[in-house]
Amino acid sequence: MSRSLRRGALAATAIVFSIAALSACGAGMDAQTLEVRPDNAATTVDTIKIQNATVLIQPQAEAQGPAVVSATLFNTGSQPQTLEAITLPGLSAPVKLSAAKGSGSITIPAQGSIIVGGAGNAAAVIEKGEEASKNAGGVQNVVFRFSETGDVKVQAMVLPAKSYFEAYGPSSLPKPSGKPSTEPTGTPSGTPSGSPSGSATGQAGEPGNGESGEPDTASDSASASQNAGH
């Protein structure tokens, strides 16, 4: 085989190996991509799909305040569905639902989706947030009840409303752990300790007003002696 033919054969072999390597990498990456799942709870029942279901508690462990349920709800059906309730099995804490506009029911339109949690979205507030906080870092069973599909159960992570979750966490400020005192804590230390040291003495005809308090007998005697000489 000539030198030029050998070079051509080597080049062709290199191209084949390169294509095979790229194909293998592509297949491997695609396979890994297919294995990726959301970090938070996701499930599908009938025409309802729930993604990123999370129980978000106060960002500070010692803070007292409400918690919330956050999720994205999809409805692939041809009819709208209403989210009738959310419950947390094992906890007595009720979940209060409110629509994005503040009144009415939470409705997932046909072929549409809504977000629960975050400013301007529907809300699911757990009033007794300290109960949900007991499972911080773990999972909490959450049941979404829909008007047509019925109950859809997921296991949601219980996480503090920090970082990415801050915008979807509780909107109420934490309650202070103690009540500051606004009243004086002491009483006056004493009463005036003195009284007036004396009383006024300057009344007419009494001592202390520049008068002796006795008749001027010396001047009267002098006047009588002078009259007798005339």
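Here are some friendly notes on this structure, which is a predicted model.

1. **Overall layout.** The chain holds three helices and ten strands. Following the sequence, their order is α-β-β-β-β-β-β-β-β-α-β-β-α. As for where the contacts lie along the chain, 65% of those between residues at least 6 apart in sequence join residues at least 24 apart.

2. **Surface and burial.** The chain has 230 residues, and 24% of them count as buried. Its accessible surface comes to about 15,700 Å², with 54% of that belonging to carbon and sulfur atoms.

3. **Pairing around E4.** Strand E4 covers residues 81-87 and pairs with strand E6 (residues 106-108) in the antiparallel sense, over three bridges. In this pairing, threonine 82 stands opposite threonine 107 of E6. E4 also pairs with strand E9 (residues 139-146), again in the antiparallel sense, over four bridges. There, isoleucine 86 has phenylalanine 144 of E9 as its bridge partner. Phenylalanine 144 is worth remembering for the point on the core.

4. **Pairing of E3 and E7.** These two strands run antiparallel and are joined by five bridges. Leucine 73 stands opposite isoleucine 114 in E7. The two faces of E7 are easy to tell apart: Gly112, Ile114 and Val116 make up the covered face, while Ser113 and Ile115 make up the uncovered one. Isoleucine 114, the residue opposite leucine 73, thus belongs to the covered face of E7.

5. **The largest nonpolar core.** Which residues have the most contacts inside the largest nonpolar core? They are Ile50, Leu73 and Phe144, in a core of 31 residues. The elements that give two or more residues to this core are strands E2 (48-57), E3 (67-75), E4, E6, E7 (112-116), E8 (123-126), E9 and E10 (150-160). E2 gives the most, with five residues. As general background, nonpolar side chains in soluble globular proteins tend to be buried together.

6. **A closer look at isoleucine 50.** Leaving out residues up to four places away in sequence, isoleucine 50 touches Ala41, Ala42, Thr43, Ala71, Thr72, Leu73, Phe144, Phe146, Val152 and Val154. That list includes Leu73 and Phe144, the two residues named beside Ile50 for having the most contacts inside the core.

7. **Leucine 159.** This residue has its place in strand E10. Is leucine 159 buried or exposed? Its relative accessible area is 18%, which is under the 20% cut-off, so leucine 159 counts as buried. Its C-alpha atom is separated by 5.8 Å from that of glycine 137, although the two residues are 22 apart along the chain.

8. **One salt bridge.** A search of the whole structure finds one salt bridge. It brings together the side chains of arginine 145 and aspartate 151, at 2.9 Å from N to O. Both partners are partly exposed: arginine 145 has a relative accessible area of 38%, and aspartate 151 has one of 39%.

9. **Aromatic pairs.** The search of the whole structure gives two aromatic pairs. Tyrosine 164 and phenylalanine 165 form an edge-to-face pair, 5.3 Å centre to centre with 80 degrees between the planes. The rings of tyrosine 164 and tyrosine 168 have their centres 5.9 Å apart and their planes at 40 degrees, so that pair is tilted. Tyr164, Phe165 and Tyr168 form one aromatic cluster. Tyrosine 164 is exposed, with a relative accessible area of 57%, whereas tyrosine 168 counts as partly exposed at 25%.

10. **Two backbone angles to check by eye.** Most residues other than glycine have a negative phi. Asparagine 52, in strand E2, has a positive phi near 55 degrees. It is partly exposed, with a relative accessible area of 32%. Glutamine 111 also has a positive phi, of about 55 degrees, without being a glycine. Where is glutamine 111 found? It is in the loop between E6 and E7, and at 61% relative accessibility it counts as exposed.

Notes. Residues numbered from 1 in each chain as written. Predicted model: local features only at pLDDT ≥ 70, side-chain atom pairs only at ≥ 80, totals over all residues. Heavy atoms only, no water. Buried < 20%, exposed > 50% of the residue type's maximum accessible area, 1.4 Å probe, protein only. Contact = heavy atoms within 4.5 Å. Areas by Shrake-Rupley, 256 points an atom, 1.4 Å probe, with all protein chains shown as cover. Pairing = 2+ DSSP bridges. Core = buried A, V, L, I, M, F, W, Y, C linked by side-chain atoms within 4.5 Å. Salt bridge = Lys/Arg side-chain N within 4 Å of Asp/Glu carboxyl O. Phe/Tyr/Trp six-rings, centres within 6.5 Å; stacked < 30°, edge-to-face > 60°.
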